[in-house]
Amino acid sequence: MAKQNIYDNEIFFDGYTKIRENKNNANILFEMPALYSLMPPLEGKTILDLGCGFGEHDMHYIHCGAASVVGIDISEKMLTVAKAENSHLKITYLHMPMEEISVIQEKFDVVTSSLAMQYVEDYKTLVHDVYELLNDNGLFIFSQEHPMNTCFSGGDRWTRDENGRKLYANISNYGVEKEWESTWFIDHVKRYHRTFSTVINTLIDGGFAIEKIIEPIPSEKMLEEHPEQDDLLHKPDFLLVRARKTN
Ligand SMILES: C[S@@+](CC[C@H](N)C(=O)[O-])C[C@H]1O[C@@H](n2cnc3c(N)ncnc32)[C@H](O)[C@@H]1O
C-alpha cells in the first residue's frame, strides 16, 4: 500500500515548521492539552508514539516519569529535529512507517499518536497491530484530524458574509470514505477520510473499550484571549480518543 512521506518535502516541512513555531498554534492551545489530559499517570510506563514528529511529546512523557518512550516516524527530516531537540537516554527514535509496527518485538503500556493517523490508509490493520503491541489493559490514546475536517478537498473552506466573516464550514461528502487530496503548503497532500463511527467502531471491533472522547472547543476565556479560535465553535478540528485493550 502506498505510503506518503510528505513531511520530507522541503516546502511542506518549512511551512509546517513555521506553524509549529507559532506559540498560539492550535496544537499548543487545544490538541496537546486535550491529549495530555487523556494520559494516565505515566510514572514507570512504557510508551510507543506513532508519528512522533519533532519528539516534543516524547520528552514530555519522560518528564512525566515514563520509563521509556519509542518514537517512530516515516520522515527523516522530522526525526532529525527530534534527535537534535528532544533526545534523552530513555527515548529511542526509529525511522519507520507505522504501517510496519508489527515487526516491533516489545510490548507497551501506552501506544499513542498525535495527528498522524489520518495519513494511514489501512486503519483496521493499524488498530489490530496496536492491540497486539499493548500489554494487558494497555491504553491506545490518540488524536487525529476530525472527520469533519478530512472530507474537504478544494474551494473556500468557509461560507462567509459580505464582510468576510465566517458563517459556515463547508463540508462535502462526509459519508464517502476515501483518500482525499488537498493543498496544504503544497498540492496533493493525501489524507484518509473515515467517518466518526468508523473510527470508533473499528476500535470496538478490534477489542478496545472506549473510555473517553474529546472534540476540543474553545472556552469563553480562551475566546477572550484568542477570538480567532471561534472557528472551532462551527467545526471541530481535532478528535481525541482514549481506548483500553480488553482481553
Ligand atoms: C502533524 S505531524 C505530528 C507530529 C507529532 N506527533 C506532533 O504532534 O507534534 C504528523 C507526523 O506523522 C508522521 N507520519 C505521517 N505518516 C506516517 C506514517 N505512515 N508512519 C509514521 N509516521 C507518519 C509525519 O512524518 C509527521 O511527523
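This passage describes the overall fold, the ligand surroundings, the strand pairing and several single residues of a predicted model.

The protein contains 8 helices and 11 strands. Its radius of gyration is 18 Å, close to the 18 Å that the globule rule gives for 247 residues, so the protein is as compact as a globular protein of that length. The C-alpha trace spans about 55 × 40 × 40 Å along the principal axes. Of the 247 residues, 36% are buried. When contacts between residues at least 6 apart in sequence are considered, 65% of them join residues at least 24 apart.

The ligand is surrounded by 20 residues. The closest of these are Gly51, Gly53, Ser75, Ser114 and Ala116. Sorted by class, the shell around the ligand consists of 12 nonpolar, 4 polar and 4 charged residues. Ser114, one of the closest residues to the ligand, has Ser143 in β5 as its bridge partner.

Strand β4 covers residues 108-114, and 7 of its 7 residues are buried, so this strand is largely enclosed by the rest of the structure. Strand β4 is paired with strand β1 (residues 46-50) through 4 bridges, and the two run parallel. In this pairing, Leu48 stands opposite Val111 in β4. Strand β4 is also joined to strand β5 (residues 134-145), here by 6 bridges and again in the parallel sense. Thr112 has Ile141 in β5 as its bridge partner. Between β4 and β5 the chain passes through helix α5 (residues 123-133), and the resulting β-α-β crossover is right-handed.

Strand β5 is mostly covered, with 9 of its 12 residues buried. Besides its parallel pairing with β4, strand β5 is joined to β11 by 7 bridges, and this pair runs antiparallel. Phe140 stands opposite Ala243 in β11. Asn137 is also placed in strand β5. Asn137 has 11 C-beta neighbours inside 10 Å; a residue with 12 or fewer is classed as exposed, and Asn137 therefore counts as exposed. The phi angle of Asn137 is positive, about 65°, although this residue is not a glycine.

A positive phi is also found at Asn173, with a value of about 55°, and Asn173 is likewise not a glycine. Asn173 is located in the loop between β7 (166-169) and β8 (179-184). Because Asn173 has 12 C-beta neighbours inside 10 Å, it counts as exposed.

Strand β6 (residues 158-160) pairs with β7 over 3 bridges in the antiparallel sense. The two strands form a hairpin with 5 residues between them, and Gly164 in the turn has a positive phi of about 85°. Trp158 belongs to strand β6, and its bridge partner in β7 is Ala169. With 15 C-beta neighbours inside 10 Å, Trp158 counts as partly exposed. If neighbours within four places in sequence are left aside, Trp158 is in contact with Lys166, Tyr168, Ala169 and Asn170. Ala169 is thus both a contact and the bridge partner of Trp158. From Trp158 to Ile171 the separation is 13 residues in sequence and 8.9 Å in space, taken from C-alpha to C-alpha.

Pro236 lies in the loop between α8 (231-234) and β11 (238-245). A residue is buried if 20 or more other C-beta atoms lie within 10 Å of its own. Pro236 has 21 C-beta neighbours inside 10 Å, so it counts as buried. Not counting residues up to four places away in sequence, Pro236 touches His146, Met148, Glu215, Pro216 and Ile217. Pro236 and His57 are 179 residues apart in sequence, and their C-alpha atoms are 22 Å apart in space.

Notes: Residues are numbered from 1 along each chain as its sequence is written. This is a predicted model: local features need pLDDT of at least 70, side-chain atom pairs count only at pLDDT 80 or more; totals for chains, interfaces and linings use all residues. The radius of gyration is taken over C-alpha atoms; the globule rule is 2.2 Å times the number of residues to the power 0.38. Two residues are in contact if their C-beta atoms, placed from the backbone, lie within 7 Å. A residue is near a molecule or strand if its C-beta atom, placed from the backbone, lies within 6 Å of it. Ala, Val, Leu, Ile, Met, Phe, Trp, Tyr, Cys and Pro count as nonpolar, Asp, Glu, Lys and Arg as charged, and the others, Gly among them, as polar. Two strands pair if DSSP finds at least two bridges between them. A crossover is right-handed if, with the strands pointing away from the viewer, the path from the first strand over the helix to the second runs clockwise.
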